[in-house]
Amino acid sequence: MIRARRSRIVATIGPASSSPEMIVTLAKAGADVFRLNFSHGAHETHAAVYKAIREAETVVGRPLGVLADLQGPKLRVGKFAEGPVMLKPGQAFRFDSDPTPGDETRVHLPHPEILTAMRPGATLLLDDGKLRMTVTEAGPGYANTKVVNGGKLSERKGVAVPDVVIPMSPLTAKDREDLAFALRLGVDWIALSFVQAPEDMAELRRIVEGRAAVLAKIEKPQALKVLGPILDLCDGVMVARGDLGVEMAPEEVPVAQKEILRAARERGIPVIVATQMLESMTSSPTPTRAEASDVANAVYEGADAVMLSAESAAGDYPEESVSMMNRIIERVERDPRWPELMQAEQSHDDDDADVLVVAAAGAAKAGSTKCLVAFTTTGATARRLARERPLQPVLALSPEINAVRRMTLVWGVEPRVSAQPDSLEVVTTNASSKALELGLVAPGERLLVVAGTPFGAPGAANLLRLAHAPAPARRR
């Protein structure tokens, strides 16, 4: 099964979509990668879903990716002695390390890292940003604040500190257990929440040791200040607009999205645009026109993937949500102006690009070239080709099933398992026959093949060949 589009779809699995039958249905409707949200669900549930995804691959006849999304730290206030309190603008309110239940003047903050990082002028946001406070004084074990935006505050509501780096690892004890379990399962991607600095991704890479690709969720303003160094340690990135929207002004989030997209495309790593893309389809069979435009804009920007969260995990219309997203992408990619608008977002330094891959993408602009084929061990050659955003399909052939599944997130790439070639003749023969088998070319049509010698050496793309799909044998 070949996708008639380049941008990919990530579908979150949850109670509405965890059955083997629904997973097959979503894959047929257009899902390329399935997200396991470790903020919810027991390990046994995730294991059953993973097994169902792998079985679905054989049903739909194409590889499917699995992304494990770690929960990350959940920062919350403590308890109140007599239930929720009402905070008024201008009043003083104290956060401290005293575990005594709070009242309308103070509350326990069971996160010493936040209190340690506090300084006068810092902002605290509570309950998804509904309440805003400014720190007036801070010291060992406390922070005095002035309420800017008031309202009702209940116990265990979330706390965000948008303009301060909190000195804590994004990997909690729960995350480390979930990570070890996900790696034992064999997931293809690990998404890290609460990324603030390059050191956070470096820590994850040390633990993963190449057993999965690693992806940073950019959901904190602090990460945007060191975006380049963070992405240099990533295999992919997610624009987590929900959490970004809590800690940033709404008008800043679209600008941040474009910044992340450009930085990711410059490095040739896949980028996912996530959160509230078709949110109304959680309870409605059709999206709002604004939501359809939101998905379309991400595709026009050249995003590798767009993601469904509650829509596919817990909504009433999971299949319809995937199908709708598939239809929006396909419609955008039929727009004659789509290539021009997408390429306008291109941002990279050719000096850093692989010269051969750039040459292949340039040569493919010839109208007679119908397909690009990349022989790749790790997927790096295919990602470089995808970075150039060629309009022809990119068939990526690899002997490594793990590499093939990781490439399901990459723009325009059709990854398949294929034996490692051992000669130039085999390279040409395998490329043309596989492209013909999948319907990417017709008999006699031209394709360009990118490979590397010695065969099987990662990152050794040094061979560019012209081939033609074999014509049917004549009957005698």
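## A tour of three domains and three helix pairs

Start by colouring the chain by domain: domain 1 covers 8-73 + 169-335, domain 2 covers 76-160 and domain 3 covers 352-469. Keep in mind as you go that this is a predicted model. If you place a marker at the C-alpha centre of domain 1 and another at that of domain 2, the two are 31 Å apart.

**First stop: α2 and α4**

Select residues 43-60 for helix α2 and residues 173-185 for helix α4. Their axes lie 11 Å apart, at an angle of about 25 degrees. Angles under 35 degrees count as roughly parallel, so that is the description for α2 and α4. Turn the view to look through one helix at the other, and you will find that α2 passes α4 in a right-handed crossing.

Now show side chains. Which residues make the contact between α2 and α4? On α2, pick H43, H46, A47 and Y50; on α4, pick E177, D178, F181 and L185. Colour this set by class and you get four nonpolar, two polar and two charged residues.

**A short detour: the ring of F181**

Stay with F181 and add F38 to the selection. The whole structure holds three aromatic pairs, and F38 with F181 is an edge-to-face one, with 6.4 Å from centre to centre and 70 degrees between the planes. Trace the chain from each ring: F38 sits in the loop between β2 (33-37) and α2, while F181 belongs to helix α4, so the pair ties together parts that are 143 residues apart in sequence.

**Second stop: α1 and α12**

Next, select residues 20-29, helix α1, together with residues 318-333, helix α12. Here the axes are 8 Å apart and the packing angle is about 15 degrees, so this pair is roughly parallel too. The crossing of α1 past α12 is right-handed.

For the contact itself, display M22, T25, L26 and A29 from α1, then P318, E319, V322, S323 and N326 from α12. The classes in this contact are five nonpolar, three polar and one charged.

**Last stop: α14 and α15**

Finish with residues 355-363, helix α14, and residues 380-387, helix α15. Are these two helices parallel or oblique to each other? Their axes cross at roughly 50 degrees and come within 9 Å, and α14 and α15 are therefore oblique. Check the handedness in your viewer as well: this crossing is right-handed.

Zoom in on the side chains where the helices meet. V357, A360 and A361 come from α14, and T381, R384 and L385 come from α15. Sorted by class, they give four nonpolar residues, one polar and one charged.

Notes:
Residues numbered from 1 in each chain as written. Predicted model: local features only at pLDDT ≥ 70, side-chain atom pairs only at ≥ 80, totals over all residues. Heavy atoms only, no water. Axes fitted to C-alpha atoms, helices over the stretch in contact; angles between N-to-C directions. Helix = DSSP H or I, 4+ residues; strand = E, 2+ residues; numbered from the N terminus. Parallel < 35°, antiparallel > 145°, perpendicular 65-115°, else oblique. Left-handed = near helix turned anticlockwise from the far one by under 90°. Contact = heavy atoms within 4.5 Å. Nonpolar A, V, L, I, M, F, W, Y, C, P; charged D, E, K, R; others polar. Domains from an automatic or database assignment. Phe/Tyr/Trp six-rings, centres within 6.5 Å; stacked < 30°, edge-to-face > 60°.
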